[in-house]
Each structure stands twice: as C-alpha cells, then as structure tokens.
Amino acid sequence: MSRVTLAQWQMLAAVVDHGGFARAAEAIHKSPSTLNHAVHKLEELLGVQVLEPVGRQVRLTEAGELLLRRARQLIESAAALEDVAGRLAEGLEAEVVLAVDQVFPSDALARALDDFSEAYPYVRVQLHETVLNGGIEMLYDGSADLVISGLSAQGFLGEPLVTVRFLAVAHPDHPLHHLERSLDLRDLVQHRQLVVRDSAQRQSLDSGWLKAEQRWTVSHLETSIDMVQRGLGFAWLPETRIQGALAAGRLKPLPLSVGGVREIPVQLIHRDRDRAGPATRALAEALAQGASGCMAQDGSILSND
C-alpha cells in the first residue's frame, strides 16, 4: 500500500497552485491547519522536503517540483478514473465493436473516429475491417455493435450512409488498354482479375463479375489496389480509394461498353438500436456525419487523395 495518499498529493498541489496555505484552504474548503498537517505528513513519510518558505508564501523545492510533476499525473489519472466510473454507472459502454467494410471511404471513417474520441476518450473501439459478408456475419453472431456494409442483413434495418462507385481499372500499360477500343466482358476473360476475399468465416460470398480464367484473390483491398497499379491485373475498385492513382496516371479506367461502373449503397446497421448505449449511439451519429461530410453537392464522394 502507498504510504502517501492521493488526498495528500492533491492538497500539496492546491497549496502550490494557490500560492499558500490560506488561499488553498479557501479554494478547496479545508482549514489551513489541515493542509499544513497533510503536507508535513507527506514530507515525513517521504523523507524529503517538498516546500520551503519564501516570505509569507511557500514554494516547491527542487525535489518537490519533480515529485509534484509526477504526482499531477496520478491526480489526473484518478480524476479520469472517477469520470469513467461515473459514465459507466450511467450506462456508458467500456468498448464499442465496429465492423466496417473496406469499401467505406477512409476519410469518413477517420473523421468519425476522431470526433468520437473527443467526446468519449476513454471508450475503447474495436475496429474490424471486413469484406462482403464478414461484417454481416459478425452482426448475426452478436459480436459487433455497429456494422457498415454494402450488403443487407436479414432481420435488420440499415441506415443509408453513402453510395460507393466502383470503377473497372488497370495500369495504363495493361494489354486491355492497348486494344484502343471499347471493351466488353469477353475481352476481360483472357486477363487476370484481382478480387478481394470475403472475410466471413462460414458463409463467404462471391460478388460481381468473376469469369476471368486467371484470378488472384487477396485478403485486403489495399493489396488489390497495389497489384493493379503494378500491372498485375485488372479490378473493380472503389473510386474513393484510387482517385490519387487515377490523377497520377498509375491507374486508368477500362473503356467497357457496359459494366465499367458499379454503384454500391453502403449502410449502417445496429446490432440492437433500442438497447444501444450512449457511446454506440454517439459513434453511429459520428459515422453518419463523417459520411455526409465526404459527400459533394452532386452526390459524389469527396476524397483527400
């Protein structure tokens, strides 16, 4: 057990902050003698002098400055702990589990988490980056509080967030671009397609056009984007994630006569909206606002890429 109590450190801090025992006593509603006794007891227990007189006032000794600097961290931590305890008593969750499909705009996610952390700095967030049915599976398992997905979930209602545009793209030097004409799906069959694996463990889902004889399947969207930029294949990729590569000429849309652009409505789904705690509701609101902040007036998605 600690020999010095938190209250003694708090009283020492009050004496220093207010420039003396009398002013500190008035500020924290203690008698000057109580503060004097607490500080002297602290010095006795530590075997170190922390205050020295300067006229009618007192100031920290060199040792006192070091000790109080460390003690303030303890005081702040104790205050934070009490704040968390109070919020928990009011029903605040200690943790929110969020499953987000990798196609959701990263800017919107970052804005939402930043805003949420300002309001709920002590609530942990478990972020799962999912693909296709992965988030829905977590919803059915009850292991996610919030799910962002481009798929619907049976028995759940979702709130629309954004519509993500997918573009069929390849490196500008890809053989498909060398054809220099409008393409159809028959042109794609003989070339390697890059797709992202469904992250669901039990009921994985194949989505989109998957008829290329050559196909590489990866686990993360960023891997697919990197490989397409290296000329290793073609893919349908979220426009928000490749705007920088398109502008820099590392990727180029395939001139498909039809099917070159897909639009996927992405929605936010609560595991149980009625029983959601304040942190879960706040994170859901932040995600909606983050998504709204990424939308241009014409309905397209903005990006910082």
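Begin by selecting Phe 104 in this predicted model, and then show its surroundings: leaving aside residues up to four places away in sequence, Phe 104 touches Leu 109, Ile 148, Leu 161, Val 162, Arg 241, Val 266, Leu 287 and Ala 291.

Next, widen the selection to the largest nonpolar core, which has 37 residues and in which Phe 104, Ile 148, Phe 234, Leu 254 and Leu 287 have the most contacts. To see which elements give two or more residues to this core, colour strand S3 (95-101), helix H5 (106-119), strand S5 (146-149), strand S6 (158-170), strand S11 (261-270) and helix H11 (278-293). A second core, separate from that one, consists of 20 residues, and you can find it by selecting Leu 12, Ala 13, Phe 21 and Val 39, which are among them.

Move now to strand S1 (residues 51-54) and strand S2 (residues 57-60), which run antiparallel and are joined by 4 bridges. Within this pair Leu 51 stands opposite Leu 60 in S2, and the hairpin that the two strands form leaves 2 residues between them, with Gly 55 in the turn showing a positive phi of about 65°.

Finally, select helix H9 (residues 221-229) together with helix H10 (residues 239-248), whose axes come within 11 Å and cross at roughly 25°. Because angles under 35 degrees count as roughly parallel, H9 is described as roughly parallel to H10, and the crossing of the two helices H9 and H10 is right-handed. Show the side chains here as well, since this is where Leu 221, Glu 222, Ile 225 and Gln 229 of H9 meet Arg 241, Ile 242 and Ala 245 of H10; Arg 241 is also one of the residues that Phe 104 touches.

Definitions and conventions. Residues numbered from 1 in each chain as written. Predicted model: local features only at pLDDT ≥ 70, side-chain atom pairs only at ≥ 80, totals over all residues. Heavy atoms only, no water. Core = buried A, V, L, I, M, F, W, Y, C linked by side-chain atoms within 4.5 Å. Buried < 20%, exposed > 50% of the residue type's maximum accessible area, 1.4 Å probe, protein only. Contact = heavy atoms within 4.5 Å. Pairing = 2+ DSSP bridges. Axes fitted to C-alpha atoms, helices over the stretch in contact; angles between N-to-C directions. Parallel < 35°, antiparallel > 145°, perpendicular 65-115°, else oblique. Left-handed = near helix turned anticlockwise from the far one by under 90°.
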